[in-house]
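Here are my notes on the model, set out as numbered points for you to read beside the coordinates. They begin with charged pairs and go on to the interior, the cysteines and the backbone.

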Amino acid sequence: MDLSRQRLQPETLEHLAEWAEACGLAEQRQALFAAGIVNPSEGRPALHTALRWPQETPPVAGSEAEVTFAAEQRRRMALLVERLRAGQWRGVTGQPIRHVIHIGVGGSDLGPRLVAEALEETHPTRGPSVHYVSTMDASQLVVLFERLDPAATLLVMASKSFTTADTRYNLETALTWLSSALGASREAICRQQLIGVSARPEKMAALGIPEAHRLTFAEGVGGRFSLWSTIGISLAVQIGMPAFDELLAGAHTMDRHFLEAPTVRNLPVLMAVVGAWNSQFLGIPSHAVLPYDGRLASLPGYLQQLEMESNGKSVGRDGQSVEHTTCPILWGDVGPNGQHAFYQLLHQGSHTVSADFIAVARRRENA
């Protein structure tokens with residue numbers, strides 16, 4: 001990470017690091033990893049680091065139950081993934097499943113879809129084809145209905161609450177298609193051609209999904225962080241469980257760096273304090289994310305939710321209104337497209353915009 005083009009001096013970073021520590025960074029970070037309450041308004045922890053904590057590594061004290069639960073759900077997910085990739089899952093007519101429609105919205109769609117696009121080239125699909133659906137206007141589903149064999153199609157309903165209007169509407173549409181096309185009851189479709197992923201197992205049970213086809217994750221996992229949970233099942237079907245485990249291991253490596261590295265050498269902390277410097281202190285209202293690799297085309301969209309839903313607040317932890325900007329407006333596109341679309345404004349316009357230029361050092365692992 002190169003911060004040399006930011007509007008700051010080395011002493012600025014030192015002051016920002018001191019500011020972060022004065023804001024309680026160390027205490028809040030420890031609470032995050034220990035499954036403590038870091039969301040006081042809802043009385044919840046934020047458990048995404050537990051999702052990717054290795055089973056063979058002792059967890060941070062306080063998070064043992066959450067790490068164990070996440071590992072057990074990942075084990076159950078692996079069994080379903082292997083069945084699908086081995087062609088051993090059959091629909092109501094006895095045909096093996098060859099297609100998966102992942103129905104989600106927000107983090108339940110943006111995260112898995114981003115990584116699926118990023119890793120598609122290095123981990124080509126050897127199991128069922130996977131398709132992501134999020135819009136309620138049926139434009140995405142209708143195209144799939146015309147292309148896919150209903151007898152060989154499995155639905156994955158990915159929703160933390162299992163009540164989100166967008167996902168429920170799309171699920172109802174897809175269930176109607178399967179039932180009508182196959183001449184099978186809705187109950188039979190739910191038993192054999194539907195997997196549910198949610199923090200609300202009772203909602204999945206009420207829909208008629210068998211217990212073996214229900215995957216859960218903790219209520220303390222925010223939707224925008226749920227990629228690392230069983231929400232990632234469709235991604236794992238696409239790239240395989242070994243690759244999914246590697247993904248978790250890479251995320252855990254950064255978790256440990258965030259937990260253990262000194263503040264002035266801590267990449268997540270540096271990104272946070274420089275972002276605060278730009279938006280709160282310099283008054284820069286927007287931030288562009290510009291990846292120079294087509295596989296990261298969905299990264300700006302994913303980061304929009306991750307950043308603006310997390311930090312887009314007007315009230316502090318103490319419940320009082322804040323008078324400063326808590327988050328920039330985040331936007332962006334693949335760099336070469338942006339060069340021919342909005343870089344003129346970045347270079348010569350009157351707006352001040354901070355930016356992250358993202359380059360891939362090695363296109364392939366062995367390159």
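1. In this predicted model, R98 and D149 form a salt bridge in which the closest N and O atoms are 3.7 Å apart. R98 belongs to the loop between α4 and β1 (99–103), whereas D149 belongs to the loop between α6 (139–147) and β3 (153–158), so the pair ties together parts that are 51 residues apart in sequence. Both partners fall in the intermediate class of accessibility, since R98 is partly exposed at 40% relative accessibility and D149 is partly exposed at 24%.

2. A second salt bridge joins E309 to R224, with 3.9 Å between the closest N and O atoms, a value that lies within the 4 Å limit for such a pair. E309 is located in helix α13 (residues 299–311) and R224 in the loop between β5 (214–216) and α10 (233–239), so that parts 85 residues apart in sequence are tied together by this pair. As for accessibility, E309 is partly exposed, with a relative accessible area of 39%, while R224 is buried, with a relative accessible area of 19%; the reader may wish to bear in mind that buried means under 20%.

3. The salt bridge between the side chains of R75 and E72, at 2.7 Å from N to O, is set within one helix. The two residues are three residues apart in helix α4 (residues 64–85), and therefore are separated by about one helical turn. R75 is partly exposed, with a relative accessible area of 45%, and E72 is also partly exposed, with a relative accessible area of 33%.

4. How many salt bridges does the count come to? The count is 13 salt bridges, and the model also contains a network of salt bridges in which E42, R44 and E219 are linked.

5. Turning to the interior, the largest nonpolar core has 38 residues, and M77, I195, V197, I233, L235 and F244 are those with the most contacts inside it. At least two residues of this core come from each of α4, α5 (107–119), β2 (129–133), β3, β4 (194–198), α10 and α11 (241–260), with the largest share, six residues, supplied by α11. A second core, separate from this one, has 24 residues and includes I101, L141, A151 and L207.

6. M77 deserves a point of its own. When neighbours within four places in sequence are left aside, M77 is in contact with L215, S229, T230, G232, I233, A236, M241 and F244. Among these partners, I233 and F244 are also listed with M77 as residues having the most contacts inside the largest nonpolar core.

7. M77 and F244 appear again in the lining of the largest cavity, which is also lined by L51, F69, A70, Q73, R74, T216, F217, W228, S229 and T230. About 70 Å³ of space lies in this cavity, and the search gives two cavities of 30 Å³ or more. Which helix gives the most to the lining of the largest cavity? It is α4, with five residues.

8. On the cysteines, a search of the whole structure finds zero disulfides. In the case of C327, the closest cysteine sulfur is that of C23, at 16 Å, which is too far for a bond, because a disulfide needs a pair of cysteine sulfur atoms within 2.5 Å. C327 is buried, with a relative accessible area of 14%, and C190 is likewise buried, with a relative accessible area of 1%.

9. Finally, two backbone positions invite inspection. Most residues other than glycine have a negative phi, yet A35, which is not a glycine, has a positive phi of about 65°. A35 is placed in the loop between α2 (25–33) and α3 (48–51), and A35 is buried, with a relative accessible area of 17%. F162, not a glycine either, has a positive phi of about 65°, and its place is in the loop between β3 and α7 (165–182). Is F162 buried or exposed? F162 is buried, with a relative accessible area of 0%.

Terms used
Residues are numbered from 1 along each chain as its sequence is written. This is a predicted model: local features need pLDDT of at least 70, side-chain atom pairs count only at pLDDT 80 or more; totals for chains, interfaces and linings use all residues. Side-chain values use heavy atoms; hydrogens and water are left out. Buried means under 20% relative accessible area, exposed over 50%, partly exposed in between (1.4 Å probe, protein chains only). Helices (H or I, at least four residues) and strands (E, at least two) are DSSP runs, numbered from the N terminus. A nonpolar core is a set of buried Ala, Val, Leu, Ile, Met, Phe, Trp, Tyr and Cys residues joined through side-chain atoms within 4.5 Å. Contact means heavy atoms within 4.5 Å. On a 1 Å grid over the protein atoms alone, a cavity is a set of points where a 1.4 Å probe fits but cannot get out, and a pocket is an open set with protein on both sides within 12 Å along at least five of seven lines; lining residues have an atom within 4 Å of a point. Grid points are joined across faces, edges and corners, and a volume is the space filled by probe spheres set on the points.
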